[in-house]
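Please look over the sequence and the model below before reading on. The paragraphs that follow go through a few places in the structure, one after another.

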Amino acid sequence: MSWIMPISVALSTFGGVNGSLFTSSRLFFAGAREGHLPSLLAMIHIKRCTPIPALLFTCASTLLMLVTSDIYTLINYVGFINYLFYGVTIAGQIVLRWKKPDIVRPIKINLIFPVVYLLFWAFLLIFSLWSEPVVCGIGLAIMLTGVPVYFLGIYWSNKPECFDKLVESITNFGQKLCVVVYPQVTSSKDEQELQELSSTICENPKEETKE
């Protein structure tokens, strides 16, 4: 029965890649919805409602990562950057709990859990920087390549007309190629009503279910 172990590893790897494929493309999709990426990445197929441009962008970025021939170096790059952002995300939860304590939270946990996580995260991060400073430095450099993209696409508000036309033509071409449109977005008033309804349901779940 020695064949069970390699098959189990293969199935586990396939499941991990499948989940990563779904989450990675949706991250680009959500970023475009917030205005941090080109609007084309926030568009979905008119029939299947899948973010095809975001999936294609994920595929292109993945192929770009495979340029390196050393798989262990690639794992170190991706692992270091991922855990760096995991820690920043958890820290953001603590900051929001302090600065915006009254916002709607369907799930609320004790702050001891993110604090303990951040302690372990800081230890692993410092250990990685000490043991692999070159790999971590290159990973940080790769991450910082997004800074000029941010200044070019978001911070630079007074763009020339030729630049806007170029982006518009690329967007139109992408729409025709992928048969995608921008999904309908609810207004701020609708979002506020949804938040109020969500908070009411959380407070009185039985009454709302009857209604």
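Start with leucine 84. Apart from neighbours within four places in sequence, leucine 84 is in contact with Trp121, Leu125, Leu140 and Met143. The model is a predicted one, and these contacts are read from its atoms. Leucine 84 also belongs to the largest nonpolar core, a set of seven residues: Phe80, Ile81, Leu84, Leu118, Trp121, Leu125 and Cys136. Helix H3 (71-99) and helix H4 (112-131) are the elements that give two or more residues to this core.

Now take the fold as a whole. The protein has nine helices and two strands, and along the sequence they follow the pattern α-β-α-α-α-α-α-α-β-α-α. Of the 211 residues, 16% are buried. The protein exposes about 16,300 Å², and carbon and sulfur atoms supply 69% of that area. Among contacts between residues at least 6 apart in sequence, 63% join residues at least 24 apart.

One contact across the sequence involves valine 181, which is placed in strand E2 (residues 180-181). The C-alpha atoms of valine 181 and isoleucine 46 are separated by 6.4 Å, although the two are 135 residues apart along the chain. Leaving aside neighbours within four places in sequence, valine 181 is in contact with Met43, Ile44, Ile46 and Gln175. Is valine 181 buried, exposed or partly exposed? Its relative accessible area is 37%, so valine 181 counts as partly exposed.

Next come the charged side chains. Side chains of opposite charge can pair when their charged atoms come close. How many salt bridges are there? The count comes to one. The salt bridge joins the side chains of lysine 165 and glutamate 161, with 3.4 Å from N to O. Both residues lie in helix H7 (residues 161-178), four residues apart, which is about one turn of the helix. Glutamate 161 counts as exposed because its relative accessibility is 56%, and the cut-off for exposed is over 50%.

Arginine 97, in helix H3, is a charged residue without such a partner. Arginine 97 is buried yet has no salt bridge. The nearest side chain of opposite charge is that of aspartate 102, 10.0 Å away. What does the side chain of arginine 97 reach at 2.9 Å? It reaches the backbone oxygen of isoleucine 109. Isoleucine 109 is also among the contacts of arginine 97 outside its neighbours within four places in sequence, together with Arg105, Lys108 and Leu111.

Terms used:
Residues are numbered from 1 along each chain as its sequence is written. This is a predicted model: local features need pLDDT of at least 70, side-chain atom pairs count only at pLDDT 80 or more; totals for chains, interfaces and linings use all residues. Side-chain values use heavy atoms; hydrogens and water are left out. A nonpolar core is a set of buried Ala, Val, Leu, Ile, Met, Phe, Trp, Tyr and Cys residues joined through side-chain atoms within 4.5 Å. Buried means under 20% relative accessible area, exposed over 50%, partly exposed in between (1.4 Å probe, protein chains only). Contact means heavy atoms within 4.5 Å. A salt bridge is a side-chain nitrogen of Lys or Arg within 4 Å of a carboxyl oxygen of Asp or Glu. Lys and Arg count as positive and Asp and Glu as negative; His and the chain ends are not counted. A polar contact is a pair of N or O atoms within 3.5 Å; within protein, one must be able to donate a hydrogen and the other to accept it, and residues adjacent in sequence count only if both atoms are side-chain atoms. Accessible areas come from the Shrake-Rupley method with a 1.4 Å probe; for residues, only the protein chains shown count as cover.
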